[in-house]
Amino acid sequence: MHYETFLFTRNQRQDFTAFIRPALLTNKEVSRIGGIFNYISDISRLTPEFPSLYCFPLGEYVMLLRHYSSDRKHAGRAIGVIEGIAVRKGESGFLDILPQCVQQQTSLLNVIGTVSDIEVQETETSADHEWKGSSASKTLEPFVGAFLTRRDQDRLFLPFTAGGRDMLVTTLADRRFTLPPFFAFGTNSDVLTQLERQARIDIVSFFKTDRASFRNRHTNRVSGSLDGNEDDTTPDPSMELRAALQDERNLRPRAPAKTHEGDDEEADEETLVGSDSISIRAFKTPKPAKAALDAESVDEHDENDSTILTMRQVRDRIRAEEAAAKQNEVEDRPARDPIHWLLNLVSSIISPNKPK
Amino acid sequence: MSLKVTLFGGTGQGKTTYTLGLLYLMVEGIDGFRIEDEDVDTTTKYMKPWSDFVMVKQWPAPTMGRREDRFKLYFQDQFITDFLWVDYQGGAINQPTDESDAAAQLHADIQESNAVIIIADAYTIATRPLIEARMLTSAPLIFHLLNSYKFKPAEEGEEGLNNGITIAIVLTKADALPDEFKANGYEKLYAKARQVFHGIHDFVRDEREKVSSLRPWLYPSAMLAVSIVGEGNAAVASEGQGYDLASFNLVGSPEPEDIQFPFLYAIGNELDRNALTLEEEIGDLEARLSKLDKNVLSRILRGRSIKQLEDERKETAARLKELEPKIRMVTRTANKKMRPLLV
């Protein structure tokens, strides 16, 4: 099996850049990746040892990548790394190596490790690599079988933990898959929405998912647990920013409590305003007790307080200056006219009031 | 009427933090102004990193690529205008269009924009040698883009009356400035910013001196020193050197200062441009009518009666009248605070 590598990150000189890119990946597709991962606002918890992991199609390729925070910083902000392997669509053997790549991601997806110094790295096209490793042994787990029977309606959700990653590896190694399932392990609902524009994502782990379950693709509600209990959701916080999010919610008017059995608290928080619970109008402050906006309420004199004039004010001022200049020119003209000048001279000579 | 406002600037200048802070302020409303997103999820997406910034004291992750969101601006609950907000990663300026899709999009966005908000790090401007400040703020490239897509086509007669652009320069991180740059209302900062952005400054100056054939009022330009974190809430963690910009630790809770004014300046001026166009339309029509003899007039009217023409003029005048108070509200608030690029 053949594959190419990619490395998207930034250094001190260059913003988000495709330092190493697959040969057929277009600029638009590089931008697409940037656009997708813009929706991850906090990468501090993602490390090379425990990164987010994704597999999805893009252009001519299927991308298997990891996303984490490097130790490097720019202007005080953590620099993220997006790197991995790209396999051309239709390349046989990818399904066989996928579990191994996830399991051994620290070495197999470590593209930045091939770069001597990212600060002097120039952009380059990836070489074509041939897979020389072995394939993972196949598995046959009942929960994967259960997932496959409900795959059209549900996604498999896994906890964003080491155990969850083991489950991901087990799932990917299942012998019943005929094509690689696409996944987003360690993500949020915004990124999932973006990825769904590329392809159907089967396996998902949100940052705060702490229990494996099946969730409805459309509502994101838990539709079943892996141990068979259909209503086995825990709202316990698992994300380190949960406290902050709750504080943020406290600033807003509380939405009416949901009473549906089986509603997924976790999903609701991931899609806070995307749900019907809180509208943008909830942010509204009381109307200031100023006069309503109308022509009469505007104090004409206030315009003169401005340091800066509007376009029309500048225009009017310039035109007024031009008009005044023209007027002066007209008034001055007799004095400059040679005939008038001569008449004035004669007049001044014969005038009885000429200066002594 | 929908306006397009593009926000861009060099890398690490504070674009993302400015956008987050601005949205935070404007969503709840300030000075009677408030914005609403077209897609209700937009605010949530921006508010999450802002919340992390406030609660965890963590600077937002750098923008990758381009973001575009639609909003509506209200004053005291009355609709003012729609606008499209486009936000870029800093690197988009530094890359050729054939190497980067984001760069290609930025070029197109500037061409189509009514107003641009340029973000520049005041601390870099103040503390670095002039030539380094120019490089780090990407000032030459910013001028190059504006010149290529807005100034030059207008000078060459390819653009009409409406195709000027409002330029608002936001000088971020003003709270961290050395005292000498804060004195007398940031006088020294503004002076150096004019040097850093001398390309834009000189264009506006030449225009005013009537060297240019352009109408000098079509390119309103102003700047303002702002702080997203507020005075005393950030401390310098490391001074910058070379490409490495100075970094700051957030030591107190952010209290944005003055960040809404450049935005309102951009919107206000573009509303004023609309009014200007309407005024010119009315004036132009009246001037042409008064010069024409009856036969020519009837050919131009093509079956429309003088009354119909007069009705059109009245309709335009009514639109202008409706627009006036909105313009005044926005420009009155913003223009008092902004500082002219040209003195």
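Mentor: Before we start: "buried" means under 20% relative accessible area, "exposed" means over 50%, and "partly exposed" is in between, using a 1.4 Å probe and the protein chains only. This is a predicted model, so to speak: local features need pLDDT of at least 70, side-chain atom pairs count only at pLDDT 80 or more, and totals for chains, interfaces and linings use all residues. Residues are numbered from 1 along each chain as its sequence is written, chains are lettered from A and ligands numbered from 1 in the order in which they are written, and side-chain values use heavy atoms, with hydrogens and water left out.

Trainee: Okay, Thr187(A) then: why does it count as buried?

Mentor: Place it first: Thr187(A) is in strand β9 (residues 183-187) of chain A, where strands (E, at least two residues) and helices (H or I, at least four) are DSSP runs numbered from the N terminus. The cut-off for buried is under 20%. Thr187(A) counts as buried because its relative accessibility is 0%.

Trainee: And which side chain does the side chain of Thr187(A) make a polar contact with?

Mentor: A polar contact is a pair of N or O atoms within 3.5 Å; within protein, one must be able to donate a hydrogen and the other to accept it, and residues adjacent in sequence count only if both atoms are side-chain atoms. Here the pair is 3.0 Å apart, and the partner is the side chain of Tyr54(A).

Trainee: Moving to rings, why is the pair of Phe53(B) and Trp59(B) tilted?

Mentor: Rings of Phe, Tyr and Trp (its six-membered ring) pair if their centres lie within 6.5 Å, with planes under 30 degrees apart counted as stacked, over 60 as edge-to-face and the rest as tilted. The whole structure has 24 aromatic pairs over all chains. In this one the centres are 5.1 Å apart, and the pair is tilted because the angle between the planes is 40°.

Trainee: What angle lies between the planes of Phe151(B) and Tyr219(B)?

Mentor: That pair links distant parts of the chain, 68 residues apart: Phe151(B) is in helix α7 (residues 139-155) of chain B, and Tyr219(B) is in the loop between α9 (198-208) and β7 (221-225). Phe151(B) is buried at 0% relative accessible area, and Tyr219(B) is buried at 1%. The pair is edge-to-face, with 5.5 Å centre to centre and an angle between the planes of 80°.

Trainee: How far from the centre of the ring of Phe157(A) is the charged end of Arg215(A)?

Mentor: A charge sits over a ring if NZ of Lys or CZ of Arg is within 6 Å of the ring centre and within 35 degrees of the ring normal. Chain B has a case with Lys188(B) over the ring of Phe181(B), 4.9 Å from its centre. For Arg215(A) over Phe157(A), the distance is 4.0 Å.

Trainee: Which helix gives the largest share of the largest nonpolar core?

Mentor: A nonpolar core is a set of buried Ala, Val, Leu, Ile, Met, Phe, Trp, Tyr and Cys residues joined through side-chain atoms within 4.5 Å. The largest one has 105 residues, and Tyr18(B), Trp85(B), Ile117(B) and Phe263(B) have the most contacts inside it. The largest share, 11 residues, comes from chain B, from helix α10 (residues 260-291).

Trainee: How many residues are in the other core, apart from that one?

Mentor: Its members include Ile40(A), Trp131(A), Ala199(A) and Phe206(A). The number of residues in that core is 74.

Trainee: How far apart in space are Leu341(B) and Met223(B), C-alpha to C-alpha?

Mentor: Leu341(B) is in the segment after β10 (339-340) of chain B and counts as buried at 1% relative accessibility. Taking contact as heavy atoms within 4.5 Å and leaving aside neighbours within four places in sequence, Leu341(B) touches residues including Ile169(B), His201(B) and Met223(B). Leu341(B) and Met223(B) are 118 residues apart in sequence, while their C-alpha atoms are separated by 6.1 Å.

Trainee: What share of the 343 residues in chain B is buried?

Mentor: Chain B has 12 helices and 10 strands. For chain A, with 356 residues, the buried share is 48%. For chain B, the buried share is 58%.
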